[in-house]
Amino acid sequence: MGEIEQKRKTVFVTVGTTLFDALVKAVDTEQVKHELLRRGYTHLLIQIGRGSYIPHKCEGEGGSLVVDYFTFSSSIAEHLRSASLVISHAGSGSIFETLRHGKPLIVVVNEDLMDNHQSELAEELAERKHLYCARPQLLHETITDMNLESLLPYPAGDAKPVISLINRFLGFPDD
């Protein structure tokens, strides 16, 4: 039997329109790249936004992960569609667009933001098993420990959980 060509499995990383160098640095570590490769991923595509940290590109020589990056795209929908795993900042737009595409998701919370309501949303959705939530310095452990089969699909069109979360955040009583 001939050698079977490995299927392309891409990890797409997005920081949205923000700057989140801590996330880009975290995915650019040898630990994280090695763990992604060990789990069968072949490509790492990083959207760096306005960040100043430039990740190391790699062509995949020697069986390593193929790594590429870009700053902005008019639409990340195509990148989301082709991704096998998404690692995202905690912006609600990026979270819900990824969940709508039915992609496994790790949300990395930016601890440098003041009054970080985004982390509350990510943590609530992680508790409901729709995604994994991590801090930049714990991303490697999250990838090592994740079981993507345990994630539950997000119920499309059901705004009640989001409304409830927003109401609770604003101090309104649950109905």
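The following questions and answers examine the strands and helices of a predicted model.

Q: Why are α5 and α7 called oblique to each other?
A: Helix α5 (residues 117-127) and helix α7 (residues 160-170) pack at an angle of about 140 degrees. Angles over 145 degrees count as roughly antiparallel, and those of 65 to 115 as roughly perpendicular. The pair is therefore oblique. The two axes lie 11 Å apart, and α5 passes α7 in a right-handed crossing.

Q: What makes the contact of α5 with α7, and which classes of residue does it hold?
A: On α5, the contact is made by His 117, Glu 120, Leu 121 and Glu 124. On α7, Leu 165, Arg 168 and Phe 169 take part. By class, the contact of α5 with α7 has three nonpolar, one polar and three charged residues.

Q: Which residues of α5 are called buried, and what do they pack against?
A: Buried means under 20% relative accessible area. In α5, this description applies to Ser 119, Leu 121, Ala 122, Glu 124 and Leu 125. The buried residues of α5 pack against α4, β6, β7 and α7. After α5 comes Lys 129, whose phi is positive, near 65 degrees.

Q: What makes β3 and β7 the edges of the sheet?
A: The open sheet has seven strands in the order β3-β4-β2-β1-β5-β6-β7, and its pairing is mixed. β3 (58-59) and β7 (132-134) each have a single partner strand, so one side of each is left without a neighbour in the sheet.

Q: How do you know that β2 and β4 pair, and in which sense?
A: Two strands pair if there are at least two bridges between them. Strand β2 (residues 43-47) and strand β4 (residues 66-70) have five bridges, in the parallel sense. One of the bridge partners is Phe 70 in β4, which is matched with Gln 47.

Q: How do you know that β1 pairs with β2 and with β5?
A: The requirement is at least two bridges. Five bridges join β1 to β2, and these strands run parallel. Five bridges also join β1 to β5, again in parallel. Thr 10 stands opposite His 43 in β2 and opposite Ala 83 in β5. Further along β1, Phe 12 has Leu 45 of β2 as its bridge partner.

Q: Why is β1 described as largely enclosed by the rest of the structure?
A: Five of the five residues of β1 are buried, so the strand is largely enclosed. Both faces are covered. Thr 10, Phe 12 and Thr 14 lie on one side, and Val 11 and Val 13 on the other.

Q: What makes β2 mostly covered?
A: A residue must be under 20% relative accessible area to be buried, and five of the five residues of β2 are buried. His 43, Leu 45 and Gln 47 point one way from β2, whereas Leu 44 and Ile 46 point the other way.

Q: Which strands does α4 lie across, and at what angle does it run to β6?
A: Helix α4 (residues 92-100) lies across β1 (10-14), β5 (83-88) and β6 (105-108). The helix runs at about 175 degrees to β6. Angles over 145 degrees count as roughly antiparallel, and α4 at about 175 degrees to β6 is therefore roughly antiparallel to that strand.

Technical notes: Residues are numbered from 1 along each chain as its sequence is written. This is a predicted model: local features need pLDDT of at least 70, side-chain atom pairs count only at pLDDT 80 or more; totals for chains, interfaces and linings use all residues. Side-chain values use heavy atoms; hydrogens and water are left out. Axes are lines fitted to C-alpha atoms, for helices over the stretch in contact, and angles run from 0 to 180 degrees between N-to-C directions. Helices (H or I, at least four residues) and strands (E, at least two) are DSSP runs, numbered from the N terminus. Angles under 35 degrees count as roughly parallel, over 145 as roughly antiparallel, 65 to 115 as roughly perpendicular and the rest as oblique. A crossing is left-handed if the near helix is turned anticlockwise from the far one by less than a right angle, and right-handed if clockwise. Contact means heavy atoms within 4.5 Å. Ala, Val, Leu, Ile, Met, Phe, Trp, Tyr, Cys and Pro count as nonpolar, Asp, Glu, Lys and Arg as charged, and the others, Gly among them, as polar. Buried means under 20% relative accessible area, exposed over 50%, partly exposed in between (1.4 Å probe, protein chains only).
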